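Here are my notes after a pass through this one. Have the viewer open while you read, and jump between points as you like.

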Amino acid sequence: MKLIVTEKNNAARRIAEILSEGSAETARQNGVNVYRWGATRVVGLSGHVVGLDFPAEYENWRDAEPVELIDAEVVTEPTQENIVRTLETLAGRADEAVIATDYDREGELIGKEAYELIRTDFDGPIERVRFSSITEREVREAFADPDELDFDLAAAGQARQIIDLVWGAALTRFLSLSARRLGQDFISVGRVQSPTLKLLVDREREIRAFDPEEYRELTTALSKNGAEFEAQYFYDDGGTEAERVWDGDRAQQVKEQLTGTEQARVTGVRRRTRTDNPPEPFSTTAFISAAGSLGYSAQRAMSVAEELYTTGYITYPRTDNTVYPDDLDPEELVESFQGSRFDEDTAYLLNLDNLDPTAGDEETTDHPPIHPTTERPDPHELDADERELYELVVRRFFATVADPAEWAHLRVDATVGDNRLKANGKRLLQEGYHTVYPYASTSENHLPAVEEGESLTVEAVTMEQKETQPPRRYGQSRLIQQMEDLGLGTKSTRHNVIEKLYDRGYIEQDPPRPTALADAVVEATEEFAERVVTDEMTAQLEADMTAIAEGERTLEEVTAESREMLEEVFESLRESREEVGEHIRESLKADRQIGPCPECGETLLVREARGGSHFVGCDGYPDCEFTLPLPNTGKPVTVAERCEEHDLQHVKMLDGRNTFVHGCPQCAADEADETEDRIIGACPDCGDEHDGELAIKQLRSGSRLVGCVRYPDCEYSLPLPRRGDIEVIDAHCEEHDLPELVVHDGDDEPWELGCPICNYREYRRERAVDTLEDLDGIGERTAEKLAAAGVDSPEDLDTVDPDNLAEQVQGISADRLREWKGELAM
């Protein structure tokens, strides 16, 4: 039997389909798909199916000092036991084996892991095949010319795993124990994660420290024969053309001079043409940047690209290369799009004199730049995101083989007295690559034809008061570019690092902003162990791992040096353990403050109860026992808005897609105290026996419900929407003898809630989860990915650790998994 092992299930299915010419059948073994035809079996892993860890004696954080992990043994344990069992069983029956994992550092390591699992029950030949796209031609060529596993490249990946484990675990435990933040609130530290976080914190510091300066800008509307255009006032400032007027009096004087004159004289007309060259081919970083301009996060863009790759429609999406290989025939690839929805673009390109592709500065030999293959998806096969990003890749390739664009630029200079004006116009002469690549701007600015010495009419003068702006926050694509420039991470890991910062609570929103936890951790490490957040050390380790891949260094040398570096870090940390913990605790405490206690004047804090719920409590406890409730869903964070009446900051409840602003906790409590219950009918649980009645209730936590007035003796209740005015109308539910309800929320159409019991019954029916695909956001493909990771049912999903599963399944974040688990708990 011939055993073929791929990195993911969908790659296994695609390769089996190609090699079997469509005859492969699917069997399930230990919950794993095995594709078979004749004497061949193909099985897909789920990325890494074994992981590195420390021995069991280090499992309890309190039983071992963090510094002990530096020299602790690192062991390999199965993380996907069903896949490991399946692989070992198939290997025991095999005569030959082929590793067909992705061809990069991580893929080679996954291949080596599979190699070692196969070798436990198999001593026959194990070959390695490599390809850059899962197309019929490339797959068949790869299997016709197999190679050997690159153990040096795999060792580079393994070195990264070991170093990340040791550094991450030792420092995470040290900071978490020092700050007394354990359980789900532990403080995560990582070799690449921490320097990346410092980039964001440093930028936020620049923004906070920025002191804006006021200035004015003046523009003048000029016209010739009724054709009006705008000209900018400027002056000479040491040889540069300055447009910002810093002195308000001077700006007013210029405005009056411009307004008091009816004519401007043209003093110069300059015309030139500019060549606008097509973009270079897509590297991973350039692709993420382009996808970001369409609204995709780095993680989502790479997830979609991975899906397009494994279905054979684009080449491998993790590449630094910006030079197409010599064996790529641009004309042949363009011709393959004839008869598709790109037919018009294809006709345009094939009509050009030649199709010479552009090239960037980075040329590697492992994978080509990202480009489409000759395989064509069915129009209905791709979802909306896949369709949009597939088109982006196709059009980027088209652009790289198209002609440059040509622009005509016109500059007009004019004077009004001693005041100088300028206007710039541009017109697109030749569309060039813009014909097939609509993502770059082609906006024009037309100026009328004027000649030097002509007079123009001054129509109007505008003076705008502005302020200088702080540096912009890094968008995800700009952050990835900065990481690349500093040598932080690799093309395969940078987007995952950003996703992990979101999952760990270090950043929020997009563009990402650091949270108070991020500030506290970066400040503490800067003060007591600066090396942890410097990019130089991480960049050096990345260079060392490249040296391992090239056979210049060994895994043992690099990991030993890394442990020595970590020993030095702990030398400085050990003496400052108490200060580190106190610094983090005080910093985080400041972020939980919402304002003064109305009873004693101490500070009110957002606190967590033992059961995991949250409330507002006084820092003066136990002397002061003042409290305010908070909603029981979501994680509370303070926001900048402050209640004028109570001088308390507003609170927002983070709950994935259900995030909402709670507002001032005191206002919410006061509103509930002042709102009378509205009786709507008999309680179905105790109405007959105890005359219990249902009422619309406003709770001090801000929630609303229909509940029994005999609470707590009767706990019957039904949830109601948090927002909007609830109207009780005359229509009645015959089944439950209750009035129907309507919710009015601002300008939106009224929501006819109906009978609260019927509404809740319908809600529960709609939310019933029998299969994974009943959950919001899980379609057939996502369900397949989860199944490949051993999650076949809602019951399986309910038991998994979101962080661990997110590491195994491409394109699904830990936060998304937590949302799905939350739906199961409802």
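What follows is a set of numbered points, going from the overall layout to local details.

1. **Overall layout.** First, a reminder that this is a predicted model. The protein has 826 residues, and 50% of them are buried. Secondary structure comes to 25 helices and 31 strands. If you want a box for setup, the C-alpha atoms fill roughly 95 × 80 × 70 Å along the principal axes. Take the contacts between residues at least 6 apart in sequence: 66% of these join residues at least 24 apart.

2. **Cysteines.** How many disulfides does the structure hold? Zero. Two cysteines may still catch your eye. C708 has the sulfur of C686 as its nearest cysteine sulfur, 3.6 Å away, and is in no disulfide. The cut-off for calling a disulfide is 2.5 Å between the sulfur atoms. C758 is likewise in no disulfide, and here the nearest cysteine sulfur belongs to C733, at 3.7 Å. As for their surroundings, C708 is buried, with a relative accessibility of 1%, while C758 is partly exposed at 27%. If you are assigning bonds by hand, keep in mind that a disulfide is a covalent bond between two cysteine sulfurs.

3. **K491 and what it touches.** This lysine sits in the loop between α13 (476-486) and α14 (494-503). Is K491 buried or exposed? Buried, because its relative accessibility is 15% and the limit for buried is under 20%. Setting aside neighbours within four places in sequence, K491 is in contact with T284, R318, T319, D320 and D366. Two of those partners, R318 and T284, come up again in the next points.

4. **R318.** One of the contacts of K491 is R318, which belongs to the loop between α9 (298-310) and α10 (330-335). R318 is buried too, with a relative accessibility of 7%. What does the side chain of R318 make a polar contact with? The partner is the side chain of E306, at 2.8 Å. So if you follow the chain of neighbours outward from K491, you go to R318 by a contact and from R318 to E306 by a polar contact, with both K491 and R318 counted as buried.

5. **Helix α8.** T284, the other K491 contact I flagged, is in helix α8, which covers residues 284-292. The buried residues in this helix are T284, T285, F287, I288, A290 and A291. In a helix of this kind, residues three or four places apart point the same way, because there are 3.6 residues a turn. Which elements do the buried residues of α8 pack against? They pack against α9, α12 (384-400), α13 and α14. Recall that K491 is in the loop between α13 and α14.

6. **Cavities.** There are four cavities of 30 Å³ or more. I looked at the second largest, which holds about 50 Å³ of space. Its lining is made of L171, L175, V189, A524, T525, A529, V532 and L573. By class that is seven nonpolar residues, one polar and no charged. Helices α5 (151-179) and α15 (516-528) each supply at least two residues of this lining.

7. **Cis peptide bonds.** Most peptide bonds are trans, and two cis ones deserve a look here. D510 and P511 are joined by a cis bond with omega of about 10 degrees, and P511 is in the loop between β16 (507-508) and β17 (513-514). The bond from Y621 to P622 is cis as well, with omega near 10 degrees. P622 lies in the loop between β20 (614-618) and β21 (627-629).

8. **Positive phi.** Most residues other than glycine have a negative phi. E21 has a positive phi of about 55 degrees, in the loop between α1 (9-19) and β2 (25-29). D691 has phi near 60 degrees and sits in the loop between α20 (687-690) and β26 (693-698). On accessibility, E21 is exposed at 68%, and D691 is exposed at 64%.

How values were computed: Residues are numbered from 1 along each chain as its sequence is written. Side-chain values use heavy atoms; hydrogens and water are left out. Buried means under 20% relative accessible area, exposed over 50%, partly exposed in between (1.4 Å probe, protein chains only). Helices (H or I, at least four residues) and strands (E, at least two) are DSSP runs, numbered from the N terminus. Contact means heavy atoms within 4.5 Å. A polar contact is a pair of N or O atoms within 3.5 Å; within protein, one must be able to donate a hydrogen and the other to accept it, and residues adjacent in sequence count only if both atoms are side-chain atoms. On a 1 Å grid over the protein atoms alone, a cavity is a set of points where a 1.4 Å probe fits but cannot get out, and a pocket is an open set with protein on both sides within 12 Å along at least five of seven lines; lining residues have an atom within 4 Å of a point. Grid points are joined across faces, edges and corners, and a volume is the space filled by probe spheres set on the points. Ala, Val, Leu, Ile, Met, Phe, Trp, Tyr, Cys and Pro count as nonpolar, Asp, Glu, Lys and Arg as charged, and the others, Gly among them, as polar.
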